[in-house]
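User: Please take a close look at one part of this model, a sheet together with the helices that pack around it. I would like the criteria behind each term spelled out as you go.

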Amino acid sequence: MISSTDTTDTTDTTGYPPRPGRRSDTRRGNRENDAGEVDLLRRTVSCSVILEREGWKVDATESSRHAVKYRRSAGEILIVNHDDKGWWNPLGAEKGDCFTLIQFLHPECNFGHVRKTLRAIAGVAPARPVAVTTSLPDPKQALSPLVRWKAKPALRPTTQAWEYLAGERRLPAAILTAAAAQDCVRAGGFGCAWFAHRDHEGTLTGIEARGPDFRGVLRGGQKSLFRFAPGGTIGVYRRVAVTEAPIDALSLAALEQGRIDTIYAATTGGLGPGTVTALRHLVENLGSVGGTLIIATDDDRPGDHHAARIEAMIAPIVVTVERLRPPGDAKDWNEVLMKAGI
């Protein structure tokens with residue numbers, strides 16, 4: 001649990017850190033039921049401070065000014081938002097304020113124990129600034145995703161992005177050529193490949209960049225869905241395969257030899273509002289033709305959790321759902337592709 005020291009008294013009357021199963025000490029009047037204090041704690045406790053003291057680290061490459069991503073062990077991710085006063089779990093449905101964050105991390109603690117914990121860190125600033133204010137706006141952030149997309153060259157063998165995807169990621173030339181023709185991948189800067197996120201109307205809403213030394217979603221846009229359709233965007237598809245990353249979507253397409261009845265999609269991490277809307281539209285169209293949704297997320301605990309969230313999200317839609325796992329001991333579809341040597 002978070003460690004701290006109450007300097008107002010040498011006697012431990014704070015109950016801090018919380019001790020599950022131990023009744024609170026003196027109630028000090030009616031403070032334990034004081035809604036005013038609860039509101040004050042919500043406004044003065046930093047969610048970042050809680051995570052820092054629990055051993056979580058900032059993932060700077062995937063953080064933005066308004067959403068700071070924290071990681072701890074494998075498969076543990078939390079996002080701090082709302083000016084450091086809120087949080088949410090991109091791999092689950094949990095979200096809230098400083099109170100629910102403590103209870104999420106330590107479900108054995110009751111509300112009284114949580115309140116004692118928060119009193120000791122009220123007003124404490126995080127070790128790193130949660131938001132960096134600047135006098136001038138970021139000119140790149142001011143540009144729309146579409147403007148930035150159009151400014152980058154097409155994916156072709158002479159680009160560093162192609163070299164990364166074909167060399168390090170072992171994606172076949174035929175798949176990369178088809179992806180370039182559909183304009184769902186472009187050559188970004190610093191050897192990164194840019195993957196387009198488009199909504200259900202085909203509008204480019206955001207860009208994911210992936211390269212040898214960088215992974216993240218470019219600022220100024222919104223995630224929806226990455227889509228690759230070997231059969232082209234015109235015609236009836238009867239199968240949608242959903243992976244976590246665009247590289248996995250392209251890898252699965254390569255392993256299945258580019259099935260023309262399939263759209264290969266990727267959510268790029270958690271299910272944000274744009275992703276949920278785009279995926280629901282896609283699955284509704286799929287259900288109207290009696291198609292099948294293939295949930296092909298990673299073969300690990302976060303992947304299973306992500307798969308369960310997708311299945312729960314589309315539960316009201318009448319569609320066949322199958323879970324497709326990477327075979328053997330591979331974690332994801334790109335690992336399968338590289339081992340296959342296609």
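Analyst: What follows describes the sheet, then the helix lying across it, and then a second helix that packs against that one.

The model is predicted, so local features need pLDDT of at least 70 and side-chain atom pairs count only at pLDDT 80 or more, while totals for chains, interfaces and linings use all residues. Residues are numbered from 1 along each chain as its sequence is written, and side-chain values use heavy atoms, with hydrogens and water left out.

The sheet is open and consists of four strands in the order β6-β7-β8-β9, with antiparallel pairing. Helices (H or I, at least four residues) and strands (E, at least two) are DSSP runs numbered from the N terminus, and two strands pair if DSSP finds at least two bridges between them. At the edges are β6 (185–187) and β9 (215–217), each of which pairs on one side only. From one strand to the next, the twist averages 25°; axes here are lines fitted to C-alpha atoms, for helices over the stretch in contact, and angles run from 0 to 180 degrees between N-to-C directions. Strands of a sheet pair through backbone hydrogen bonds, either parallel or antiparallel. Between β7 (residues 193–198) and β8 (residues 204–210), which run antiparallel, there are six bridges, and Trp 194 has Ala 209 in β8 as its bridge partner.

Across β6, β7 and β8 lies helix α9 (residues 246–255), which runs at about 90° to β7. Helix α9 also links this description to helix α12, since the buried residues of α12 pack against α9 and β11 (239–243), where contact means heavy atoms within 4.5 Å.

In α12 (residues 333–340), the buried residues are Trp 333, Asn 334, Val 336 and Leu 337; buried means under 20% relative accessible area, exposed over 50%, and partly exposed in between, with a 1.4 Å probe and protein chains only. Viewed down the axis of α12, these buried residues fall within an arc of 155°, and therefore they line one face of the helix; the arc is that of the directions from the helix axis to the C-beta atoms.

Both ends of α12 can also be described. At the N-terminal end, Asp 332 acts as a cap, with a side-chain oxygen 3.2 Å from the backbone nitrogen of Asn 334. Just after α12, Gly 341 takes a positive phi of about 65°.

Key:
A polar contact is a pair of N or O atoms within 3.5 Å; within protein, one must be able to donate a hydrogen and the other to accept it, and residues adjacent in sequence count only if both atoms are side-chain atoms.
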